[in-house]
Amino acid sequence: QDAGEPDVTLEVRQQYWYKDASPKYQLSPRLGVAFPINDNGVIYFSYGYFFQMPSYNFLYTNSRILLRQGTGNESTIFGNPNLEPERSIQYELGFKQEIFDGTAIDVVGYYKDTRNYVSSRPQTTGNPSINYGIYFNRDYSRSLGFTFAFNQYVSQRFNFSLDYTFSAV
C-alpha cells in the first residue's frame, strides 16, 4: 500500500461517515391568563415553550461537495442535518388600562431564554491541507425588558401609538 493510500476503503469509511439524522420533537405548552381589574383595565400573564427549526441553509449547505486537497487556505462549511431546533422559554406580565375615553396605556415586562443557536466550528482531518467547518448548536441568549405604550384612538381612520421599550441582553 502506498504512503498516500488510506488504511480503510471508501465503503468502510462511509459506514461511519454517514449517519441518519435523529427525529426532533418537543411539546410546547403555553399558558395565558388575564384578570380584569375594573371595567377598563386588565392584568395579564403569559408563559410558553417555543421551538424553531434551523434554516435549511444550516442543515444542507454543501451536502454534495467532496473535500479536496488544496493550498491550506481554502475552507468550506458543511451543513449538519442533525442540528437541534432553537428552544425558547418566554414569560410576559402586563397591565392595560383605558385612562380616558379613547386613550389607553399598556405596560409589559418580558423575559426570554433561548438555547441552541447555530454556530460553526472547524473540523480536523489529520491532513493540514484539507480544512472545513461544520454547523452545530452552541450559542445561547437571554433578554429581558419592558415596554410602555400610549395608545390614542382619534377616529375610525386615524389612531396613533407612542411606545418606549427598554431591553437588556
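**Exercise 1. Place Ile43 and classify its exposure.**

Ile43 lies in strand β2; strands (E, at least two residues), like helices (H or I, at least four residues), are DSSP runs numbered from the N terminus. The model is predicted, so local features need pLDDT of at least 70 and side-chain atom pairs count only at pLDDT 80 or more, while totals for chains, interfaces and linings use all residues. Residues are numbered from 1 along each chain as its sequence is written, and side-chain values use heavy atoms, with hydrogens and water left out.

Step 1. Recall the classes: buried means under 20% relative accessible area, exposed over 50%, and partly exposed in between (1.4 Å probe, protein chains only).

Step 2. Ile43 has a relative accessible area of 37%. Ile43 is therefore partly exposed.

**Exercise 2. Find the nonpolar surface patch that includes Ile43, and say which strands supply it.**

Step 1. Apply the rule for patches: residues have over 30% relative accessible area and no salt bridge, with nonpolar side chains (Val, Leu, Ile, Met, Phe, Trp, Tyr) joined within 5 Å and like charges within 9 Å.

Step 2. List the members: Leu31, Val33, Phe35, Ile37, Ile43, Phe45, Tyr91 and Leu93. Together they have about 720 Å² of accessible area, by the Shrake-Rupley method with a 1.4 Å probe, where for residues only the protein chains shown count as cover.

Step 3. Assign strands. At least two residues come from each of β1 (30-38), β2 (41-52) and β4 (86-100). The largest share, four residues, is from β1.

**Exercise 3. Trace the salt bridges of Asp113.**

Step 1. Use the criterion: a side-chain nitrogen of Lys or Arg within 4 Å of a carboxyl oxygen of Asp or Glu. The structure holds four such bridges.

Step 2. Asp113 pairs with Arg115 at 3.4 Å, N to O. A salt bridge also joins Asp113 to Arg142, at 3.8 Å. This second pair links distant parts of the chain, since Asp113 is in β5 (residues 103-123) and Arg142 in β6 (residues 132-153), 29 residues apart.

Step 3. Combine the pairs: Asp113, Arg115 and Arg142 are linked in a network of salt bridges.

Step 4. Compare exposure. Asp113 is buried at 8% relative accessibility, whereas Arg115 is partly exposed at 45% and Arg142 is partly exposed at 40%.

**Exercise 4. Describe the bridge between Glu84 and Arg87.**

Step 1. The closest N and O atoms of Glu84 and Arg87 are 3.4 Å apart.

Step 2. Glu84 is partly exposed, at 29%. Arg87 is also partly exposed, at 26%.
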